[in-house]
Amino acid sequence: MAYVYVTGHRNPDTDTIASAIGYAEYKNLVDPDNTYAAARLGEPNAQTRWALEKSGAEPPKLLKHIMLRVKDVMKTDIVVASRDDPLRNVGLAMAKNDVSQIPIVDEKGTLIGIVTERNLARMYIRESREASTFAGTPVSVGSMVEVLEGELLAGEDKETSGKLWVISMSVDSMGASMEPGDIVVVGDRRKAQEKAIELGAGVMVVSNGRRPDDEVLRLAEEKGVTVILSPLDSYVTSRMIQLSVPCWEVMNPDPLTVSPDDLLSDITQQVMEVHYRAAVAVDEERRPLGIVTRTDLLNPEPRRVLLVDHAEVGQSVPGVENAQIVEILDHHHIGDIETNTPIAATFDPVGSTATLVVERYRRSGLEPERPTAMMLLAAVLSDTVILNSPTTTDRDREVVKYLEELLGLDAEKFGMEMFESSSDVSGLSAKQIVERDAKEYTLKNGEKMSISQIETVGPGLLSRKDELVAELEKKREDNGYLLSALMVTDITRGGTELLCVGERSIVERAFDRKAEDGVIDLPGVMSRKKQVAPKLLAAF
């Protein structure tokens, strides 16, 4: 199933968080073919934390970006091999699983290397001009029996480090090259078998499934020669014995490793530079979790995201321009988000995105879970300032009435408790206040401005005007904004004091009011979306 992140804007407020929670829950009910997960792009503010605690809803997980990571494309059904596994088994596993490389692990499951098709090919080339020898890497009898699918007829499991011979010569010339301890592959030739035993072969492998005479086996036991019966012909038997060496002999001991959370853009070049064109994704204990190959990096499926409560690149999750946006649900103006394909997009002029979410539940004959319903109520009351904002519509009032009855509580009382609990910002720095609910807007000329808003109970915050203005100026300079403004909205008075830096004269003309001591008094102004942002966007 496809995984879709449902997320609001940066500097999330209660409407953004609640809408993400509520819409993800709703979409999972009506679209079981996909998995929807609520996400947030920043830390919840004090009001939202209160609502989350009051409702018992789980905070959405933090989404730092929507750019593709290794874990979005890696293959997780990987095959690994133990360092002592015969090379033959590793090759068979490659063929069976249609892969070009297999990670090698130790007894703790820790990655220690990788075997690739090139490693296998090089082994064949290396052995093609001279007699095979196991001097550097002794091979066990057990491994030979395993790769040959043969039978141990005499002797015991042991390791041998001699050379490998296939007897095609006359019996008289056998001793010219062979040495005691060597491995001898011989067919149904009794005299050659007896000669190999007399010469002190370490292991004698009889090919073609032709069992030696009992006398030969008794002689082998007396001389301490191990005898293996192979069902294969002599040539194939010798090649299989070469592949019975432990895979660590030919593995690359320093494979390219990545973290599942690494960005594809950061690891692509590294993957392209290694000859096997792959990287092993490992955890903190260096245990393999997946494989990412060059093929995985070619035109990967982008991550999917559903946007709520915004439609601006500057307000959205980093990397959104490269993601697949599947839907937009918003109550603001149409922003600068672009999509490659047609999508469902709703821009509906109600007081809160949460209102749109609740309406979808009701149209489908569904009810949100109690924690979700309480979060949605908090969101509508927050964005409409307990239904007192000029953005409030009859649809918002209807949704509040429905949630009030569903939850069995007094909405106005609930809303006042919420605002009062989060109105004390004495413990917040000026930076935290300015950044708490800041939104960035792009002007027609491509320049940008920011408008922050904070709701208070009473005018006490204005005593910190100087430090707030200084922080606004810093924000404007750091981001190159034409204007940075902060709405200090008093919900008891029903108005806003607007602090602004930058092109202040344009703001004064937009509202036909002069700033007094750096503050423009805007009685009756409660809504950034309807009463402030549109005027400033038009003025610039």
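Two exercises with worked solutions follow, on a sheet and on aromatic rings in a predicted model.

Residues are numbered from 1 along each chain as its sequence is written, and side-chain values use heavy atoms, with hydrogens and water left out. Because the model is predicted, local features need pLDDT of at least 70 and side-chain atom pairs count only at pLDDT 80 or more, whereas totals for chains, interfaces and linings use all residues.

**Exercise 1.** Work out which strands stand at the edges of the open sheet with the order S14-S15-S16.

*Solution.* Begin with the terms: strands are DSSP runs of E with at least two residues, numbered from the N terminus, and two strands pair if DSSP finds at least two bridges between them. The sheet has three strands and mixed pairing. Strand S14 (257-258) and strand S16 (288-293) each have a single partner strand, so these two stand at the edges. Strand S15 (residues 278-282) pairs with S16 in the antiparallel sense over five bridges, and Val 280 stands opposite Ile 291 in S16.

**Exercise 2.** Classify the aromatic pair formed by Tyr 23 and Tyr 26, and say whether each residue is buried or exposed.

*Solution.* Rings of Phe, Tyr and Trp (its six-membered ring) pair if their centres lie within 6.5 Å, and planes under 30 degrees apart count as stacked, over 60 as edge-to-face and the rest as tilted. By this rule there are four aromatic pairs. Tyr 23 and Tyr 26 lie 5.8 Å centre to centre with 5 degrees between the planes, a stacked pair. Buried means under 20% relative accessible area and exposed over 50%, with partly exposed in between (1.4 Å probe, protein chains only). Tyr 23, at 2%, is buried, and Tyr 26, at 9%, is buried.

Notes. Helix = DSSP H or I, 4+ residues; strand = E, 2+ residues; numbered from the N terminus.
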